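Here's a friendly walk through one protein model. Have a look at the picture and the sequence, and then we'll go through the details together.

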Amino acid sequence: MKLEGGRANVSERAGSVSFGELPLVLTVDEARRVLRIGRRQLYQAIARRDVHTLKVGRSIRIPRSSLEAWLAEPDREPAQSVTLG
């Protein structure tokens, strides 16, 4: 991973970045490149709450720990919504 202009340049090559080298929080684009998935797939995982996010103003940031947790449990059932009443 290289820093360009204060931002992390996450390589698209497989195995070139270890999680320890990633910033503590990533943009959606950075996270999808690390995971090697499309933007739509990542936004769907966020909507299912498989990947936890932080809002910074109008921007979405994804904690590195959230990606690690998601990858550690790939067969986990999606979170179920609970309806009261």
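Is Arg33 buried or exposed? Arg33 is buried, with a relative accessible area of 15%. Keep in mind that what you're looking at is a predicted model. We'll come back to Arg33 shortly, but let's get our bearings first.

**The overall layout**

The protein chain has three helices and five strands. Read from the N terminus, the elements go β-β-β-α-α-β-β-α. The chain has 85 residues, and 27% of them count as buried. Its accessible surface comes to about 6,300 Å², and carbon and sulfur atoms hold 49% of that.

How about contacts between distant parts of the sequence? Take the contacts in the protein chain with a separation of 6 or more: 43% of them are between residues 24 or more positions apart.

**The sheet**

Three strands come together in an open sheet, in the order 3-5-4, with antiparallel pairing. Strand 3 (25–26) and strand 4 (54–56) are at the edges, and each has a single partner strand, so one side of each has no neighbour in the sheet. Strand 4 pairs with strand 5 (residues 59–63) over three bridges, in the antiparallel sense. To find one of these pairings in the picture, start from Val56: its bridge partner in strand 5 is Ser59. As a bit of background, strands of a sheet pair through backbone hydrogen bonds, either parallel or antiparallel.

Just after strand 3 you can look for Thr27, which sits in the loop between strand 3 and helix 1. Thr27 is buried, at a relative accessible area of 14%. The C-alpha atoms of Thr27 and Ile60 are 6.6 Å from each other, although these residues are 33 residues apart along the chain.

**Salt bridges**

Now back to the charged side chains. How many salt bridges does a search of the whole structure find? It finds three, and here they are, with the distance between the closest N and O atoms:

| Acidic residue | Basic residue | Closest N–O distance |
|---|---|---|
| Asp29 | Arg32 | 2.9 Å |
| Asp29 | Arg33 | 3.4 Å |
| Asp50 | Arg48 | 2.8 Å |

Salt bridges with shared partners link Asp29, Arg32 and Arg33 into one network. Where are these residues along the chain? Arg32 and Asp29 are three residues apart in helix 1 (residues 28–35), so about one helical turn separates them. Asp29 and Arg33 are both in helix 1 too, four residues apart, again about one turn of the helix. Asp29 counts as partly exposed because its relative accessibility is 27%, whereas Arg33 is buried at 15%.

The remaining pair takes us to another part of the chain. Asp50 is found in the loop between helix 2 (39–47) and strand 4. Is Asp50 buried or exposed? With 9% relative accessibility, Asp50 counts as buried. Its partner Arg48, at 37% relative accessibility, counts as partly exposed. The side chains of Asp50 and Arg48 are also joined by a polar contact of 2.8 Å.

**The nonpolar core**

Which residues make up the largest nonpolar core? There are 12 in all: Leu22, Leu26, Val28, Ala31, Leu35, Leu42, Ala45, Ile46, Val51, Ile62, Leu67 and Trp70. Helix 1, helix 2 and helix 3 (64–72) are the elements that give two or more residues to this core.

Leu67 is a handy place to start exploring. Leaving out residues up to four places away in sequence, Leu67 touches Phe19, Leu26, Ala31, Leu35, Val51 and Ile62.

**One more stop in helix 2**

Finally, have a look at Gln41, which lies in helix 2. Gln41 counts as partly exposed, since its relative accessibility is 46%. A polar atom of the Gln41 side chain lies 3.0 Å from the backbone nitrogen of Gly38.

Notes. Residues are numbered from 1 along each chain as its sequence is written. This is a predicted model: local features need pLDDT of at least 70, side-chain atom pairs count only at pLDDT 80 or more; totals for chains, interfaces and linings use all residues. Side-chain values use heavy atoms; hydrogens and water are left out. A salt bridge is a side-chain nitrogen of Lys or Arg within 4 Å of a carboxyl oxygen of Asp or Glu. Buried means under 20% relative accessible area, exposed over 50%, partly exposed in between (1.4 Å probe, protein chains only). Contact means heavy atoms within 4.5 Å. Accessible areas come from the Shrake-Rupley method with a 1.4 Å probe; for residues, only the protein chains shown count as cover. Two strands pair if DSSP finds at least two bridges between them. A polar contact is a pair of N or O atoms within 3.5 Å; within protein, one must be able to donate a hydrogen and the other to accept it, and residues adjacent in sequence count only if both atoms are side-chain atoms. A nonpolar core is a set of buried Ala, Val, Leu, Ile, Met, Phe, Trp, Tyr and Cys residues joined through side-chain atoms within 4.5 Å.
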